[in-house]
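User: Hi! I am new to reading protein structures. Could you walk me through this one with a few questions?

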Amino acid sequence: MRDASFHTHPDYPRPPLVQQASQKDNGLKFHSHYIGVRNRDGRYPGFTNDGDLDDNQQEELMLEEFDQHSPMNWVVTRSFTQAVGADPKWKTVRNFMEEQTDDHLKHPVKYPMSFRAVLHTTEAWIKTDQFKEGHSLVGNVVVNHDEGGRGMKVDEDKIQMAQTEGDEFIQSSLRGRSTKHEDMYTRKSNTSTIRTVNQTTSPNADSVCSDPAQRLLDAIKKDREQIDSLQNYDGKGQSPVASADFPTRIDEADQFTEDNWIARSQDLIRNAGKLPMNAEPKLDKLFGAGLVTPNALHYVRNHGAVPHLLWDTHKLSVLWGQTKDFSMDSLKQDFHPINIPVVFACDGNRRKELNMILRSKGFDWGPAAVSCAYWKGALLRDVLLKAQGSEAYPREGGPRLWVHFEGAETLPQGKYGTSIPLDHVMDPTNDVLLAYEMNDALLPPDHGFPLRVIIPGHVGGRLVKWLSKIWVSDKESDNWYHLNDNRVLPPFIKDGDSDAAKAYFQHPDSACYEQNLNSVIAKPGLNEQVPLKDIAAKATYRVQGYAYNGGGQEIQRVEISLDGDRNWQFCVRQFPKNALRHDKKFWSWVHWYADVDTVRLLGTKGIAVRAFNVNKNTQPENPNWNLTGMMNNCWYTVKPQIQTESSTCEAVISFLHPTGQGIGSSGWMQNSCENQIKETKNQPPEPAKKFSIEEIQKGNNEKQAYIVIKERVYDVTKLLDIHPGGKRALLSQAGKLDPVTTDEFESIHNDSAKKWSQSYLVGGLDDIAKKYLEDQKKKGKEPEDDTLAIRKHSWTEVEFTDRKELSKDTRQYTFKVPDVSKKLGLQTGQHLQIGYHFLDSLVFRSYTPTRPIYLDPETGTFDLVVKTYFPQLINTPPNLGGTISNILDCLRKGQRVEVKGPTGDMLYQGDCKFKIDGQGYMFEYIYLICGGSGITPAYQLIRHVLEQAKTLPKPLPKLCLVYSNTTENDILLRGDLEDLAMYNSGQFKLILALSKPPAGWTDKPGHEAGRVSEAMLRKYDFTTPPKVALLCGPEKMIKDTVIPALKNMGYDEKDMFGF
C-alpha cells in the first residue's frame, strides 16, 4: 500500500475514477481502492511499500541483491557503509538515525511539551541529491553551491517573482523554505448571556439593577474597586494557566511542510495556507479562556518554517563593544528572572475588515490576532551590561544608538530582524525580556523556543523569535523585514509598486512600534442567537469584550453604544492579576462588560465599542484603510438580525460581527464593488480544453504537475523549481481535486500573483470533475473520534517497545499509544500510516497491523510486520533502501514514531459484507493475491472471516490466497497461515508460490514453483459468483501480471480492489 508522497509513479493505463452514468446500474461508483490510482489518503492501493525504492525494483530483485551482498551481521551492526566497504561519503537514513541524540527524551525538562525529534536532512537528499555534483547539506537547508563553492547561488527568477508578489505574500509563501483558566464571566459560545433581575450568572456575581442610573453607579463603583485593588507586581508570581493542556498531535495540514514536527491546537484558524503558520484562535475560545491566554490558544504569526533548535546547542551572540556568547543554561541560571503578563497583537489584527473595503497587501486577520500570556526571562538590560562588562548605564547625550535583534529562521530575504532604541531597552521600567518561558512552561516552537525577545507595549512584529543575535550600533536596522514589514502608509498610496510607496516604506515614520488603542466585542458572539421568547422587560444581556493599548498605557475607559453614537454606556473593566508594574505601566489587556436591557437588542441597529487611553483619546469611528492593512482600530460593531432558527422554527435575534474568521466571510460587511471588479478581472476565461479526474490525477509528480484552482487547471511543472514557496508546496496539491487548494491559493496570493499565474492556465474541468469537486466542498472534513487512541486526520506520537526478527529482512515491531485505556479503533480492511520527521516533510508509509485483529483484546499496543529494504551501497549509484523500513529497523526502545489512522475505506463487516466508501457489497468468494509484505492486510481479513465463521451456520465467504515470495525464508506469517488453512480447509485454501523454491517444494499440496502467472491464477480461481479479487503486492507483479491475467479470466474493474 504505497503512499504517493515521495514517489513519482510511472504512467500506465489506469481505470477511470468516476464511472459513466451507464455503469452506475451495477452498483459501481468512484471509490478509493482502485488498483494503482492514488486515493485521498495519498496511497496507491494494491501496491506494497517497495515504492521506497526510487528505481522501482520489485521485491524479488531486492532480495536477490540482499542474498549476494549482505551477511547477517549487517542487521546487528547496522553500519552498512563499513559492512560493504562502500564509499563512506554516501549517507543512508541509517546513518542519520545512528546520529540521533534524542536530547528531548533524555532531558525533557529542557524542551517544551510534545517536542519531536527531526532528522536534519531530507529524503530527497538521501535518495538522490547527495549524488549530484556540488550538492551538499548546509546547516538546516539543502543548497546548491556556485562553481567556486563560495556559498549559495541566488535564484534570480525566484527573487524577481517574489518581489512582484508583495512583501506579505513573500513572508507567507517563501521558505528556506488542562484545564482552562476561567473567570467568573466565561460563557459558552453557543449560548446567550441572558440575566434576569436578581438572577446571577455565578454564585459570586452581583445582582443587576434594573434602574439605568443605579446601574451606572454600580458599574462605576465596581470599576473603581478593580483599580483600587491593583498593586505593584514584583515579577515573581506564576501564571494562572501554567497547568493548561498542551497540544500533543500534529495536524495533517503540516505533514508535507517543514513544520511537520510541531503539535498545534485544533482551535487555531489558519489564515494563510499551511506554511508559514499564521493563525488565530476562535474569538469565543480566546475570550472564554480568560484574562491569561493558554499557550495553545495564543495567536501565531510566522514568516517561514519554524527552526528545529535544541536547548543545549543554541547560543545567543551579543555584540556591544565585544562579542559574548550566552548558552541557554547561562541565561536561565545567571540572571534574575521576572515573570510578567504581556499582551501583544499582530499589527494586522482586524485586517480582514480593511480587506473588505479594498484588498491590501496582506492576508486576512480576524479580531483574535492578540493574546495575553505570562513571559519569563532575563532583563535584556542585564544581559547587555554583562556582555559589555559594565555594571551601570550612565549614558547621557551622544549619538542615537539602536539594539538589533535577529532570529535563527531561514527566510527568502535572509534572517528576520529588527531594531529598537537602546535607551528604551536600558530603562528598567520597560521590562524588555529575553524570554525562555511562556505561562511557566518552556516556549512552544511556534513562539520562539528556546528564546524570544519580549518588548512589552510593542507590536508582535518587533518581538523576534528564535533569537540568535543581538548587537548595538548607531544605525537603525537595514534588515529587509524591518524595512518592508510592520509599516503603515497613508491611505492615498494604493499602488504598492509606485515610487511613492517604495519611498514611504523606507521612511522611518511609517514603522509600527508601539501598539495602538483597540477594543473588540466578544459577546454576543458571531451567529450567537437569543430567542425572542426569552426577552422580557426585566431581563439583561451582558455585552463583553477586550481592549488593549501600547506603551504601557492604561485603558482608562471602555464604552458601548446601541444607538449609533448618540448615547454611550459605561463598561466595567477587569484586569488580570499582577497587571500593574512600576506604579504606572500596564503591559496586559483588560476585559470589560456592560449589562444592557435585553429589549434594547430588538431596537438597535448595532452595538459599537470604543476605548479611551490616558490622554483621553479614543478610537476612530470609521476604518482608516492603508496599503498594508495594518493597525485597524475603528469601532468594532456587532449587528443583530431577526431570523427563524432552522431546527426549532423559533424567532431569534442572531448577531453578526463585521467579518467572520478564516477564509470567506460570514459577517455584515460585504465585499466592495472594487474588490469584486478586480476578482472578475483576475478570473481567467475557461479554456476549451476540459480535463477529466483521471487526467488531473496523473499530474501528481515532478514530470507532470496539475493544480486545480476555481475549476481551472494549471500546469505548474515548469514552475516547480522557481516557485517562491518551493516545489513541495505545489506537489502537495498536484493531481488533486480539493477545494482546499483554492482556499490556500486565495489566502496568500495577491492580485499580482493571480495575474501572473494565468500564464500556466491550460484548461478547465469536465462535468464529472466539476461535480466531484462540488461534492468535496459539501462533504468537508469529517470530525475526529476523540474516544480513540489515534486520529484519522492528525498524527499521534507512539513509543517503540519491542522488536522480534521474523526473517533476515523482516521484523515484528510493537508500539504503545499514549493513552493505553483507549482503543485503536482499527476495523478489518484498515491500516495505519507510520511516519518520521525530516527537515522538509513527515515521511510516511502505510502498514496493516497484525495485532489487534477482530476479537483480539486491546492493550494499548499494536504490532506491525515490516520488510526492511536494506541499502545496497555497492551499486552504482548506490541504492539507499527503504526510508521508513530502515528507520523502524534502527529504532531504540523508548524512541517514538508518528502514527495516523485508521485509514482505508474498504471495510469488511462480516458475513460476506463489505462497505467500500460507504457503499455496500456482498462477496461470497474472495480471491486474495499477494506478494511479499502485501500479506498483512490479507492476513487481517482472513483472521476476521475465519474467527467469525465459528459462530455462523454456513462457512462463508470462501477464501483462496495465492501468496508469492522469492524464497521459503521470505514467507511472512507462514505458521499462522498454514494453521488457519489446516483447521479451516473447507473455507480457506492457501497457495504458496516461490520464484526460488527448494528441492521437493512442489511435492506438497498448495505449493507452486515460479512467479505468479495467469496459468497459476486460473488453476485456483473460483468459478461461482459473486466473487472478488483483492490484491496487494509489488507493483511490477500486480501491474504487469496479475491485473492482465484477471482481466483475461473475466474479472473487470468492479471485481478487483487493492488493499
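User: How many bridges join strand E10 to strand E11, which run antiparallel?

Analyst: In this predicted model, strands (E, at least two residues) and helices (H or I, at least four residues) are DSSP runs, numbered from the N terminus. Two strands pair if DSSP finds at least two bridges between them. E11 covers residues 322–327, and the number of bridges that join E10 to E11 is 6.

User: Thanks! Which residue takes a positive phi in the hairpin of E10 and E11?

Analyst: Start at the end of E10, where Trp 320 stands opposite Gln 322 of E11. The hairpin has 1 residue between the strands, and its phi is positive, near 85°. That residue is Gly 321.

User: Which side chains of E10 point to the buried face?

Analyst: Buried means under 20% relative accessible area, exposed over 50%, and partly exposed in between (1.4 Å probe, protein chains only). Side chains alternate along E10, residues 315–320. Lys 315, Ser 317 and Leu 319 point to one face and are not buried. The buried ones, on the other face, are Leu 316, Val 318 and Trp 320.

User: In E19, what is the bridge partner of Ser 317?

Analyst: E10 also pairs with strand E19 (residues 467–473), in the parallel sense and over 3 bridges. In E19, Ser 317 has as its bridge partner Lys 469.

User: Which are the edge strands of the open sheet with the order E7-E8-E9?

Analyst: This open sheet has 3 strands with antiparallel pairing. E8 (residues 278–281) and E9 pair over 2 bridges, and there Ala 279 has Val 300 as its partner. An edge strand pairs on one side only, and here those are E7 (268–270) and E9 (300–301).

User: Why does Glu 554 count as buried?

Analyst: Glu 554 lies in the loop between strand E22 (539–548) and strand E23 (557–561). Beyond four places in sequence, its contacts (heavy atoms within 4.5 Å) include Ile 227, Phe 575 and Val 614. Glu 554 counts as buried because its relative accessibility is 15%.

User: With which side chain does Glu 554 make a polar contact, and at what distance?

Analyst: A polar contact is a pair of N or O atoms within 3.5 Å; within protein, one must be able to donate a hydrogen and the other to accept it, and residues adjacent in sequence count only if both atoms are side-chain atoms. For the side chain of Glu 554, the partner is the side chain of Arg 573, at 2.8 Å.

User: How should I read the numbering and values?

Analyst: Residues are numbered from 1 along each chain as its sequence is written, and side-chain values use heavy atoms, leaving out hydrogens and water. Local features need pLDDT of at least 70, side-chain atom pairs count only at pLDDT 80 or more, and totals for chains, interfaces and linings use all residues.
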